[in-house]
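Here are some exercises to work through with the model open beside you. Try each task yourself before you read the solution.

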Amino acid sequence: MTYYMDLTPAARQRVEKQNYLAPEELQLDEVTRASDDFKFQPDWEHILALINCAGTQSQYNTIILYDDQRLIKVRPTPNQLITRLHDHFPLDYHSDIRCTIAKALNINKYVPYICRDFWLVPVSKRDAANRSWFRWRYQSDIWDFADNHSRVIIDYHLTLEWPISKRAVDSQQERCKKIASYLKQQAAQICPTFDMADLGQYHTPEAVEKLMKKIEKLKRGLILGKVGFLEFTDEVDDDLNHNRYWQLPDTEF
C-alpha cells in the first residue's frame, strides 16, 4: 500500500524507505495539496499534526497532517488555527485553557489544549512566534525514545519522529494529565449522578451548540455590566465580535 499520496514522489519514497515521517523536516514544496483560503478550518477530529512553516517566508504557513495520512499546506499560521479551535470545541485555548486553567495549575509554558479526547500538544520551540503541534492519542499511542529524538507509533502502523527528548515528552504528558484531571473533576462536581435516561430529555448536538453560544453571550453581557456598560443588545454583541467599537452606544466607562 502506498502512503502519503499528497507528497511528491521523491519525498514519499524517502518516508517509505525510512519507515517514519519526521514532520519538522517536511518542506512546503514537498506537499502537493494546498489551500489558499485564509479562513481555512481543519478537520479537527482527524488532525494528527500542525507543522509550523511560518518562518519560511512562503505564502503558506502550516502543513496539516491528518490521521489517514493526507497532507495539505494552508495560509493560516498554527497560532491562527489554534484560535479557531473554539469554532469546533466548547473550550477556547487562550481564555479557557492558557489564561485560566493552566495558570491556576502553574503551567506556564508549552500549554496543551485539552477538550474531551482531543489532546493537542506543542512539540517544538517557537519559530516566527509559532510552533508545531501534535495530537497525542493518550490511550493508544506507543512511544520509543532515543538520545535526541522521540518516535510515536499511531494505530500500530504510522510512525512520526519529533526532535524532542524523552524528558520533554514526559513533561508534556504530565501537563496534559493535570489539565485533563482538573476538567474531569470539575465536570464530576456539576454533572447529575443519575442516568441520562432518567431525565427524559435529550439535547441534540446542534441544540447544545446554540445553547452554548447563548450562554457565552449572556456571560459577556454580565461582564460588561459589571464595568458600567449601559446597554447590551444583540447589535452590541455583534459589534463587539466584529471589532466595530465605534458603533457602540455611550457607556459609563
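**Exercise 1. A strand and its partners**

In E6, which residue is the bridge partner of Ile114?

Solution, step by step. Keep in mind that this is a predicted model.

- Step 1: Find the two strands, E5 (residues 113-115) and E6 (residues 118-122).
- Step 2: See how they are joined: three bridges link E5 to E6, and the two run antiparallel.
- Step 3: Look across from Ile114 to E6, where its bridge partner is Trp119.
- Step 4: Follow the chain from E5 to E6. The two strands make a hairpin with two residues between them, and Arg116 in the turn has a positive phi of about 55°.

Now describe the pairing of E6 with E7.

- Step 1: Strand E7 covers residues 133-135, and three bridges join E6 to it.
- Step 2: This pairing is antiparallel too.
- Step 3: Two residue pairs show the match: Val121 has Phe134 as its bridge partner in E7, and Pro122 stands opposite Trp133.

**Exercise 2. Which way do the residues point?**

Task: sort the residues of E6 by the direction in which they point, and decide whether they are buried or exposed.

- Step 1: Phe118, Leu120 and Pro122 point one way from E6.
- Step 2: Trp119 and Val121 point the other way.
- Step 3: Residues on both sides are buried, and the count for the strand is five of five.
- Step 4: Look for a helix beside the strand. H4 lies across E5 and E6, and runs at about 145° to E6.

**Exercise 3. Two open sheets**

Task: write down the strand order of the seven-stranded sheet and find its edges.

- Step 1: The order is E1-E4-E3-E2-E7-E6-E5, and the pairing is mixed.
- Step 2: Strand E1 (34-35) and E5 each have a single partner strand, so one side of each is left without a neighbour in the sheet. These two stand at the edges.

Now do this for the sheet of three strands.

- Step 1: Here the order is E8-E9-E10, with antiparallel pairing.
- Step 2: Strand E8 (142-145) and strand E10 (158-162) are at the edges, because each has a single partner strand.
- Step 3: On average, neighbouring strands of this sheet are turned by 20° against each other, direction ignored.
- Step 4: Five bridges join strand E9 (residues 150-154) to E10, and Ile153 stands opposite Thr159 in E10.
- Step 5: Helix H4 (residues 166-190) packs on this sheet and touches E8 and E9. The direction of H4 makes about 150° with that of E8.

**Exercise 4. Reading aromatic pairs**

Task: classify two of the twelve aromatic pairs in the structure.

- Step 1: Start with the rings of Phe134 and Trp143, whose centres are 5.9 Å apart and whose planes meet at 90°.
- Step 2: Plane angles over 60 degrees count as edge-to-face, so the pair of Phe134 and Trp143 is edge-to-face. Both residues are buried.
- Step 3: Next take Trp136 and Tyr138, with 6.2 Å centre to centre and 75° between the planes; this pair is edge-to-face as well.
- Step 4: Compare their cover. Trp136 has a relative accessible area of 6% and is buried, whereas Tyr138, at 28%, is partly exposed.

Which residues form one aromatic cluster? Trp44, Phe89, Tyr93, Tyr113, Phe118 and Trp133 do.

**Exercise 5. Charges over rings**

Task: find two places where an arginine lies over a ring.

- Step 1: The charged end of Arg131 sits over the ring of Tyr110, 4.6 Å from its centre.
- Step 2: Arg75 lies over the face of Tyr60, at 5.8 Å from the ring centre.

**Exercise 6. A proline in a loop**

Where does Pro42 lie, and what is it in contact with?

- Step 1: Pro42 is in the loop between E1 and strand E2 (47-52).
- Step 2: The relative accessible area of Pro42 is 6%, so this residue is buried.
- Step 3: Leaving aside neighbours within four places in sequence, Pro42 is in contact with Ile47, Ile64, Tyr66 and Leu81.
- Step 4: Take Tyr66 from that list. Pro42 and Tyr66 are 24 residues apart along the chain, and their C-alpha atoms are separated by 9.3 Å.

Key
Residues numbered from 1 in each chain as written. Predicted model: local features only at pLDDT ≥ 70, side-chain atom pairs only at ≥ 80, totals over all residues. Heavy atoms only, no water. Phe/Tyr/Trp six-rings, centres within 6.5 Å; stacked < 30°, edge-to-face > 60°. Buried < 20%, exposed > 50% of the residue type's maximum accessible area, 1.4 Å probe, protein only. Lys NZ or Arg CZ within 6 Å of the ring centre and 35° of its normal. Helix = DSSP H or I, 4+ residues; strand = E, 2+ residues; numbered from the N terminus. Pairing = 2+ DSSP bridges. Axes fitted to C-alpha atoms, helices over the stretch in contact; angles between N-to-C directions. Contact = heavy atoms within 4.5 Å.
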